[in-house]
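Work through the exercises below with the sequence and the model at hand. Each task is followed by a solution in steps.

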Amino acid sequence: MLVRLLREHLRPYTAFIVVLLVLQLASTIASLFLPSLNGRIIDEGVALGQTRPILELGAIMLGVSLLQISVTIAATFLGSRTAASVGRDVRARIFDRVASFSAQEVGRFGPPTLISRSTNDITQVQTVLFMGLTLMVTVPIMMVGGIVMALREDVGLSWLMAVAVPLLALVVGLIIRRMVPQFTVMQESIDWVNRILREQITGIRVVRAFVREDHERARFAEANTQYTGTALAVGKLMAMVFPLVMVIFNASTVAVLWFGAHRIEDGEMQIGALTAFMSYLIFVLMSVMMATFMATMIPRAAVSAGRIVEVLDTSTSVLPPESPEQIPPGRASVEFRDVTFTYPGADVPVLQDVSFTARPGQTTAVIGSTGSGKSTLLSLIPRLYDVTQGAVLVGGVDVRSAGLEEVWSRMGLVPQKPYLFTGTVAENLRYGDQDATQEQLWDALRIAQAADFVAQMPEGLDSPIAQGGGNVSGGQRQRLAIARALVRRPAVYLFDDSFSALDLTTDARLRAALEPETADATVIVVAQRVSTIIGADQIVVLEDGRVVGIGTHEDLLGDCTTYQEIVQSQAVAEVAG
Ligand SMILES: Nc1ncnc2c1ncn2[C@@H]1O[C@H](COP(=O)(O)OP(=O)(O)OP(=O)(O)O)[C@@H](O)[C@H]1O
């Protein structure tokens, strides 16, 4: 998955990568030359007391070092730029993909994991890519070049290389093998801590109201302790790596000095060659270490790449038609034709054989006990889900045959849990229509019975709205969401239990103000309260996903037992209240 993801996203940066590889090649070759030059300065200059070779070779060394430094800087810059660009591209693709998802796909993944996949997982891949781009050439050339150059200096000491390199690879490899499973546990622990934290922050009022703070604190402490424990275990292993590596490095240096000194004594080697050999040995050991570290990061990044590709490979179940049909402009009826709907993975349909027509200029109400399928019914109209059987028609056109944008642009949806975005009141209202004037915004607010409280806000229309609408009350949020739908002036209004958080008087005033505004539109209202829908032109009564009655309030009182029961239960509740 990692290879596939990178192959797909690195293609636009091929030229960068070629330049980067050339730069790295130059940098590594330059690095490999330095110890040899240093050795020659010692042997040809210092040992013989000659200043000229020292100056000449010193100047070459300086030049090579400057070249090496500049190409390394350029290579690192290019590497980090390419990795950051790939990260940006993958993030953008995930965003586009998630934006195309229907409620079904969002529900399948869940918002938290979609967020962590587009942040944390991409960072993992980006880090490995950066390391790969900067080490890909350096490590193998350094390793092979280091061995070749060391052998060129002295073949007699090569057995030291044959011992030190595998020993280091073995030691680091063993420690890292123990670390990798801990990394997985650590990732899970972070998820756990995040999950509890998120729940506590969003549910803080419930936690306080039910005096569950101690319980929640204990729950968090448990997750926090596991995370800390894992981090400590990883830390201990990390702490072992450095001293062990240093022991191997130092022991190798001592061995080189010891055996090299004997060879110098026997006249088989020169001091400069010994220094160069030592440097090459360190080069090789360093590259082995880097390669091993890289090898540990790849499995983590591969898991992340798998999670990213899973999102990118998921197609929306709500597909746009190949040649969209046009919904006739102007007024548009909404027709349910023998609609059956089953949620993905569920055995039983939530809606069965639902048929009715909501006409322009009329208000159609949908009522039923909780869980009877009212919200589901509404969600089929703007294609948040597609019907399992039957069809939903808007303006006589099956919503699956019309363009998605066109279907959405004809609807003004006020969801059961309205969501407001971070920004100002005006910005939120203009979600309905970007070009709406201040006048139009105030009109919509007046109809939605929201003008008074917006006028009282310190900055009126420019007052800030917190994420999700956290700084306004539930009822105010509902009214702002209604105003947002009104600003759009759609052909079809869908109100999903949108009046439930309003007191009876505001509810009545709002409905009265809405009536002239929505006179030409098709209005579908889902409601729990009979008083909200009593004047509707048509009431559809749902029970367990089936239509058990259609008619006006009076008709249904006469012939629909379920409706009579609902009316009766609410009357009893009112009397009791
Ligand atoms: N995303 C989902 N996946 C699976 N089942 C779901 C999903 N959403 C709702 N359901 C189920 O579908 C049924 C109908 O739910 P729906 O929200 O449409 O009812 P409702 O009549 O609007 O209820 P309420 O008045 O409480 O809002 C319920 O039994 C619910 O458990």
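**Exercise 1: Annotated regions**

In the unreviewed UniProt entry, the feature "domain: ABC transporter" is placed at residues 334-569. The model used here is predicted. Task: state which secondary structure residues 334-569 hold, and do likewise for the annotation "domain: ABC transmembrane type-1".

Solution. Step 1: residues 334-569 are 35% helix and 26% strand, and the end C-alpha atoms of this span lie 30 Å apart. Step 2: "domain: ABC transmembrane type-1", also from an unreviewed UniProt entry, covers residues 18-300. Step 3: residues 18-300 are 92% helix and 0% strand, with end C-alpha atoms 26 Å apart.

Step 4: UniProt (unreviewed entry) lists as "transmembrane region" several spans, among them 237-259 and 271-298. Residues 237-259 are 100% helix and 0% strand, with 33 Å between the end C-alpha atoms. Residues 271-298 are likewise 100% helix and 0% strand, and here the end C-alpha atoms are 41 Å apart.

**Exercise 2: Domains**

Task: give the bounds of domain 1 and domain 2 and find how far apart their C-alpha centres lie.

Solution. Step 1: the domain assignment gives domain 1 as 2-312. Step 2: domain 2 is assigned in two segments, 334-410 and 490-576. Step 3: the C-alpha centres of domain 1 and domain 2 are 59 Å apart.

**Exercise 3: The six-stranded sheet**

Task: write down the strand order of the open sheet of six strands and explain why strand 6 and strand 12 each have one side without a neighbour.

Solution. Step 1: the order is 6-9-10-3-11-12, with mixed pairing. Step 2: strand 6 (411-414) and strand 12 (546-551) are at the edges; each has a single partner strand, so one side of each has no neighbour in the sheet. Step 3: on average, neighbouring strands of this sheet are turned by 15° against each other, direction ignored.

Step 4: within the sheet, strand 3 (residues 363-368) pairs with strand 11 (residues 538-543) in the parallel sense, over five bridges. Val366 stands opposite Val540 of strand 11. Step 5: helix 16 (residues 474-488) packs on the sheet and touches strand 6 and strand 9 (492-496). The direction of helix 16 makes about 180° with that of strand 6.

**Exercise 4: The four-stranded sheet**

Task: which strands stand at the edges of the open sheet of four strands, and what is the bridge partner of Phe336?

Solution. Step 1: the order is 2-1-4-5 and the pairing is antiparallel. Step 2: strand 2 (351-358) and strand 5 (397-398) are the edge strands; each has a single partner strand, so one side of each is without a neighbour in the sheet. Step 3: strand 1 (residues 334-341) and strand 4 (residues 389-394) pair over five bridges in the antiparallel sense. Step 4: the bridge partner of Phe336 is Val392 in strand 4.

**Exercise 5: The ligand shell**

Task: describe the residues around the ligand by distance, class and origin.

Solution. Step 1: there are 14 residues around the ligand, and Tyr343, Thr370, Lys374, Ser375 and Thr376 come nearest. Step 2: by class, the shell has three nonpolar, 10 polar and one charged residues. Step 3: helix 11 (residues 374-379) gives the largest share of the shell, three residues.

Note on methods: Residues numbered from 1 in each chain as written. Predicted model: local features only at pLDDT ≥ 70, side-chain atom pairs only at ≥ 80, totals over all residues. Near = placed C-beta within 6 Å. Helix = DSSP H or I, 4+ residues; strand = E, 2+ residues; numbered from the N terminus. Nonpolar A, V, L, I, M, F, W, Y, C, P; charged D, E, K, R; others polar. Domains from an automatic or database assignment. Pairing = 2+ DSSP bridges. Axes fitted to C-alpha atoms, helices over the stretch in contact; angles between N-to-C directions. Contact = placed C-beta atoms within 7 Å. UniProt positions renumbered as here; feature names shortened; annotations may be inferred.
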